[in-house]
Amino acid sequence: IDYDGHAQNIDYLMRNNRLADGRQRVISVAGTSLIHHIEPAEQTRLFDIAGQVMGNDGVLMSAIVPNPYWSAGKLVEEQSQLQRPPDVYLVMPLGGTYSTEGLYRTLLEFGQHYGENYGARFLYYYRLARDRDAIIRLLNDSPHFIGVKIGTGEEDVQPMIDGVGDRAMVIWGI
């Protein structure tokens, strides 16, 4: 990994990309790509560099894959101790066989543990229509899950907004 190049990329983004009306820039290292294919220590180093370069001039979002959940939790623990920790963690679940009730309960417990013990806040990356009601319930019940990033079609945005009202953020983008 070219860590110096990474720092230069973050610096470039912070200096050259502006959002309308003075809104803060959101930086998500890797977003929903293949970041989980590199070692956790390397992931943490990438976020450490990004946070130091950004300072408080943007929102830093760490993308984590809860597979297994303890591994994602370890990343939250380590990254929350950084000089400039991520502002939010994007939970990017992998597909597989699970119940929506199990998804809800597991994420509720995960959010509670890492929210209360490490001050973490989470966005859920929504990709499967069958999970919609469980995610709406999670966003309404957990103070640590502050929003959802919809990675499906635009038609999924309004039902999510209707389900959470102004209790949570709903972000769309593929």
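## Cores, a cavity and a pocket

The largest nonpolar core has 27 residues, and among its members Ile64, Phe122, Tyr124 and Ile135 touch the most others. At least two residues of this core come from each of helix 3 (69–80), strand 3 (88–91), helix 4 (100–118), strand 4 (122–126), helix 5 (132–141), strand 5 (145–150) and helix 6 (157–164). The model described here is predicted.

Which residues does Ile135 touch, when those up to four places away in sequence are not counted? They are Leu103, Leu107, Tyr124, Tyr126, Val148 and Met160. Tyr124 is thus named twice: Tyr124 is in contact with Ile135, and both Tyr124 and Ile135 belong to the group that touches the most other core members.

Apart from the largest core lies another one, of 21 residues. Tyr3, Val29, Met92 and Leu123 are among its members.

The next topic is empty space. Rolling a probe the size of a water molecule over the atoms shows where such space is left. A search of the whole structure finds 1 cavity of 30 Å³ or more. The table sets the largest cavity beside the second largest pocket.

| Space | Volume | Lining by class |
|---|---|---|
| Largest cavity | about 50 Å³ | 6 nonpolar, 1 polar and 2 charged residues |
| Second largest pocket | about 160 Å³ | 6 nonpolar, 4 polar and no charged residues |

The largest cavity is lined by Pro93, Leu94, Gly95, Tyr98, Tyr124, Tyr125, Arg127, Leu128 and Asp131. Tyr124 of the largest core is therefore also a lining residue of this cavity.

Around the second largest pocket stand Pro66, Asn67, Tyr69, Pro93, Leu94, Gly95, Tyr98, Gly102, Leu103 and Thr106. Helix 4 gives the largest share of this lining, 3 residues. Pro93, Leu94, Gly95 and Tyr98 appear in the linings of both the cavity and the pocket. Leu103, a lining residue of the pocket, is also one of the residues that Ile135 touches.

The last residue to consider is Ser80, which lies in helix 3. Is Ser80 buried or exposed? Ser80 counts as buried because its relative accessible area is 16%, and buried means under 20%. The side chain of Ser80 makes a polar contact of 3.3 Å with the side chain of Gln81. Beyond its neighbours within four places in sequence, Ser80 is in contact with Pro85, Tyr89 and Tyr118.

Notes
Residues are numbered from 1 along each chain as its sequence is written. This is a predicted model: local features need pLDDT of at least 70, side-chain atom pairs count only at pLDDT 80 or more; totals for chains, interfaces and linings use all residues. Side-chain values use heavy atoms; hydrogens and water are left out. A nonpolar core is a set of buried Ala, Val, Leu, Ile, Met, Phe, Trp, Tyr and Cys residues joined through side-chain atoms within 4.5 Å. Buried means under 20% relative accessible area, exposed over 50%, partly exposed in between (1.4 Å probe, protein chains only). Helices (H or I, at least four residues) and strands (E, at least two) are DSSP runs, numbered from the N terminus. Contact means heavy atoms within 4.5 Å. On a 1 Å grid over the protein atoms alone, a cavity is a set of points where a 1.4 Å probe fits but cannot get out, and a pocket is an open set with protein on both sides within 12 Å along at least five of seven lines; lining residues have an atom within 4 Å of a point. Grid points are joined across faces, edges and corners, and a volume is the space filled by probe spheres set on the points. Ala, Val, Leu, Ile, Met, Phe, Trp, Tyr, Cys and Pro count as nonpolar, Asp, Glu, Lys and Arg as charged, and the others, Gly among them, as polar. A polar contact is a pair of N or O atoms within 3.5 Å; within protein, one must be able to donate a hydrogen and the other to accept it, and residues adjacent in sequence count only if both atoms are side-chain atoms.
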